[in-house]
Structure formats: C-alpha cells, structure tokens
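Trainee: I have this model open at the bench and would like a close look at one buried spot. Please pick a residue, walk me through its surroundings, and then point me to a couple of places to compare it with.

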Amino acid sequence: MPKGSNQKMKLICLARIMTEQTDEEHAITMPEIIKKLNAYGIEANRKSIYDDLELLETLGYDIIKERDGARTFYYCGSREFEIAEVKFLVDAIQSSKFITSRKTSELIKKLETLVSVHQAKQLEREVYVTGRIKNMDESIYYSIDTIHTALNEGTKISFRYFHWNVEGKKEYRRDGAVYQVSPWALCWDDENYYLVAYDSDAGILKHYRVDKMSNISLLSEKRDGGKLFKEQDKAVYTKKRFRMFDGEIRLVTLKCRDYLANVIVDQFGRDVRMRKAEDGYFTVRVDVAVSNQFFGWLCSFGGDAVVLQPEDVREKMKTLLTQVSDAQNNQNG
C-alpha cells in the first residue's frame, strides 16, 4: 500500500484506538499508539499524533495524559456512558422477559461499544432472576416500534388480539376480528408492556398486552379520545390497576401489619396517608380497580392485609375466597 494512502483515516483510527482500547486502568504509550496505527496501515510521527490528540480533545474526547517516571501514558477518561451506567442497562435488558434471548445478545453487543474492550468484559455476565422466562416471539420488538410510530404521528392502529389455549397455541379473540383503536400511551407493569388506547365504539380507555397483539398496522385515520386520556393522571392510572386488569375504581380502606408499609408505598406512592391502628397495624385508604387480581395481591400477604371498607368490596373478597376453598375441596374430594 503506498505510503500515506490511509492518512485521511488517521484521526478516525486514533479516536477508535483511544475509545476502544484504553480506559483509566489501561493506558498506552506513544510507541504503542504508533504501533496500533501501523496495524491500520497508517504511518505517523509523534508530533502529528500530539496534534491529533489535541484535536480529539476539542471534539469532546476526554484524552488524559499522565507521566510515570520517564514514560507518558495516554487514555480516554470519561465517556458518554460510564461503565456503571452501561452495567445498569445490561441488567435491565437481561432481566426483561419481553426481550428475546437473541435480541438480548444483540443489544448487549451494541452496548459494549460504549466502553473499552477491557470494560466490555465486565458486561459478560448473567443476571439471574427467579422464574425468568424470556419471550420467544421477537415480533414484540417491532410491535412496540410500530406503536411508537403511531403515538408520534397521532394515528389509529389495527391489530388482532389473542390468548394462549391449553394446547399452547394462539387463540384469537372475537373470532379473529381486527381491532381498531386510538393509541395514547405505552405502560410497563408487572414486567409486561401494555398499550393504553381509546376504543371509539365503547367510548372508554382500554389497555392491551403488547405481546398478545399481532398483525399491528398503522392506519391513516387520526386518533381520537384525547380529551378523556388527558384527564387521566398516567401514573395514577397504572398504579390503581393490578396486572393492568380493569375493574370499578373504588376508594378502599385497608388494614395492614406495620411491615407492609414499604409494600404500600411501592404500590401506591409516597403520598398515601397511613394511620396507626392497634399495636402492630396501620390503616390506609387507596383508590383501586376492584378485581380478582387485587384480591389475589392482598391474599399474597397471608391475612396480614385485609379490606375494612366498603362492605360490598369485603363481601366480594369473601365470596372469592369461598369459591377458591370450595374448588380446592372438590378437587381433593
């Protein structure tokens, strides 16, 4: 290759060397920089490299120079993302069950380019989450992208909605009819994505699990239901619903053991008012969508959280517990 034929690439290659191969714990000397440039077919002298390093600094690269005796070391310091931040993103991707295993690997490989090759080795780890099952259908990744496009463009979407039957096959709702709704928000709840959308025929907001939506298409028709959606407090809308199941919104008084105060704050926010009751208990009033999922959440505390008011909600929970007990006894019989 003719001498200097790759000189125009020198600055790009130097930037790559510094960002990919150096960090605070892996600095390199000027002779090593020259050698690495030579590997790209680029010949360079010290002075030109000094000038290029200064130019990289003016472009925003954090080039650090440190002396150790007679030798000078160079490395790339702070970056767009710190290693701790990238680890956090990797952990989030690893623990998200809606992202397929293949897409997880692809995303982590891309995140590795944000740090040095030495730091990237720290990202080669597994985050183990009890009961984690990765989604096997990669189409959800593109479904979310289509929904975001509809949200940005303010248009309706169409899709088919399904559930899994006992044979492990898709069974479409409404005999496979196509749904048409006005999308307004994507919510994350209980490790699943939900679309909050306005159903024009019913005149209400509904939500749909994105991984149960298929054949999502953008429509040219502008969305409606904006007034109703804007009346909702998005954070409140989601925290009232358990597993995003709908139900009548009711003001419910709960009686809980003191150790559940942290659980109540996690579910309903720090602005809830908890009042001391008898020794070891407190009461709290919260708005919830009354559903079997809400009752199931209460049951998970083994009687340490119960409904005090209103009476009809107490009766609904008693009825559910009786039905569960009867069904269990019938099975045992």
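Mentor: Happy to! A strand here is a DSSP run of E with at least two residues, and strands are numbered from the N terminus. With that in hand, let's go to Leu254, which lies in strand 10, residues 248–257. Bear in mind that this is a predicted model. Leu254 has a relative accessible area of 0%, so it counts as buried. What does Leu254 touch, leaving out residues up to four places away in sequence? Its contacts are Ile264, Phe282, Thr283, Val284, Val286, Phe294, Leu298, Val306 and Val307. Take Leu298 from that list: it is 44 residues from Leu254 in sequence, yet their C-alpha atoms are 9.4 Å apart in space.

For a first comparison, turn to strand 6, which spans residues 179–189 and has 9 of its 11 residues buried. Strand 6 pairs with strand 4 (residues 155–164) in the antiparallel sense, over 3 bridges. One place to find that pairing is Val181 in strand 6, the bridge partner of Ile157. Strand 6 also runs antiparallel to strand 7 (residues 192–199), and 7 bridges join the two. There, Trp188 stands opposite Tyr193 of strand 7.

For a second comparison, try Leu55 in helix 3, residues 46–58. Leu55 counts as partly exposed because its relative accessibility is 37%, and that class lies between the 20% and 50% cut-offs. Together with Leu59 and Tyr61, Leu55 makes a nonpolar surface patch of about 270 Å².

Notes
Residues are numbered from 1 along each chain as its sequence is written. This is a predicted model: local features need pLDDT of at least 70, side-chain atom pairs count only at pLDDT 80 or more; totals for chains, interfaces and linings use all residues. Side-chain values use heavy atoms; hydrogens and water are left out. Patches are made of residues with over 30% relative accessible area and no salt bridge: like charges are joined within 9 Å, nonpolar side chains (Val, Leu, Ile, Met, Phe, Trp, Tyr) within 5 Å. Accessible areas come from the Shrake-Rupley method with a 1.4 Å probe; for residues, only the protein chains shown count as cover. A salt bridge is a side-chain nitrogen of Lys or Arg within 4 Å of a carboxyl oxygen of Asp or Glu. Helices (H or I, at least four residues) and strands (E, at least two) are DSSP runs, numbered from the N terminus. Buried means under 20% relative accessible area, exposed over 50%, partly exposed in between (1.4 Å probe, protein chains only). Two strands pair if DSSP finds at least two bridges between them. Contact means heavy atoms within 4.5 Å.
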